[in-house]
Amino acid sequence: MNAYQTPPVATLELDRVGFSRRGQTLLKPTSLCMTGCQRTLIMGPNGAGKSLLMRLAHGLLTPTSGSVRWQGEPPAQAMVFQRPVLLRRSALDNLTYVLAIHNTPRQNRKSQAIRALEKFGLAHLAKRAARVLSGGEQQRLALARAWLLNPKVLFLDEPTSALDPAAIKAVEDAVLEFHHSGTRIVMTTHDLHQARRLADDVVFMHNGELLEHTPAHRFFTAPTSSEAGAFIRGELVW
């Protein structure tokens, strides 16, 4: 089933959202609207506020000013971190545990978990301890875990950082699989090539400020800010 055959994803609105800690402003007042089943890539140099913005959008952090709201019923959400948080259990047990806490009947948990492992190419690692898997395998396990939650919105924070090319492709293919099933993607990355492959639209951050939110093709061909232009050219952005 593709994205156009599923119910629409609720619109997410950030209204003048800001965040400060210990007197330091980490995110300046930011207004942003994310609608439809898009693949939104949040980009910018290190320290730009990408991960912070996403955590506020997801609800992991509460803004110190402004508001985050969904139009209508908040959709099911999942988040995959740069370094997945995995239990000291097997790959299979990491998935059955999630099903258990979401009240899946006991007799259905193992079969559902195995199907998720198969979908993400991990069935042969079902009994292996999750924390000894390679970085790419751990990310795919985290994606399999998210898949079991059937999210309408998936947040990903630099999910391919430090992975080799084959692992990056496997993770990107998994992200596209989510999107094709009708899941909105919100993902941070510093990888321009990855953003060109995945993005429908781009949010560009710099020094805790949103400078651009524009369709991907326009961002890469005609950015409106000098900072975004420098970033695309591979120059240092101050």
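## A salt bridge between two strands

Is E209 buried, partly exposed or exposed? In this predicted model, E209 counts as partly exposed, because its relative accessibility is 34% and the partly exposed class sits between 20% and 50%. E209 has a charged partner, too: its side chain meets that of K28 in a salt bridge, with N to O at 3.6 Å. The two come from distant parts of the chain, since E209 belongs to strand β9 (residues 209–215) and K28 to strand β2 (residues 24–34), 181 residues apart. K28 also counts as partly exposed, at 36% relative accessibility.

## A loop tied to a strand

Now look for D200 and R39. Their side chains form a salt bridge as well, and here the N to O distance is 3.1 Å. D200 lies in the loop between α6 (192–198) and β8 (201–206), while R39 is in strand β3 (residues 39–43), so this pair ties together parts that are 161 residues apart in sequence.

How much of each partner is accessible? D200 is partly exposed, with a relative accessible area of 24%. R39 comes out at 16%, and because buried means under 20%, R39 counts as buried.

## Helix to helix

Next up is E172, which makes a salt bridge with R197; their closest N and O atoms are 2.7 Å apart. This one links two helices: E172 is in helix α5 (residues 165–180) and R197 is in helix α6, 25 residues apart. E172 has just 7% relative accessibility and counts as buried, whereas R197, at 46%, counts as partly exposed.

Some salt bridges share partners, and that joins E13, D15, R16 and R69 into one network. So how many salt bridges are there by the rule used here? The count comes to ten.

## What about the cysteines?

A disulfide is a covalent bond between the sulfur atoms of two cysteines. Search the whole structure for disulfides and you find zero. Take C33: the nearest cysteine sulfur belongs to C37, and it is 15 Å away. Why is that pair not a disulfide? The two sulfur atoms would have to be within 2.5 Å, and because they are 15 Å apart, C33 is in no disulfide.

The view from C37 matches: its nearest cysteine sulfur is that of C33, 15 Å away, and C37 is in no disulfide either. As for their surroundings, C33 is partly exposed, with a relative accessible area of 40%, while C37 counts as buried at 18% relative accessibility.

Definitions and conventions. Residues numbered from 1 in each chain as written. Predicted model: local features only at pLDDT ≥ 70, side-chain atom pairs only at ≥ 80, totals over all residues. Heavy atoms only, no water. Salt bridge = Lys/Arg side-chain N within 4 Å of Asp/Glu carboxyl O. Helix = DSSP H or I, 4+ residues; strand = E, 2+ residues; numbered from the N terminus. Buried < 20%, exposed > 50% of the residue type's maximum accessible area, 1.4 Å probe, protein only.
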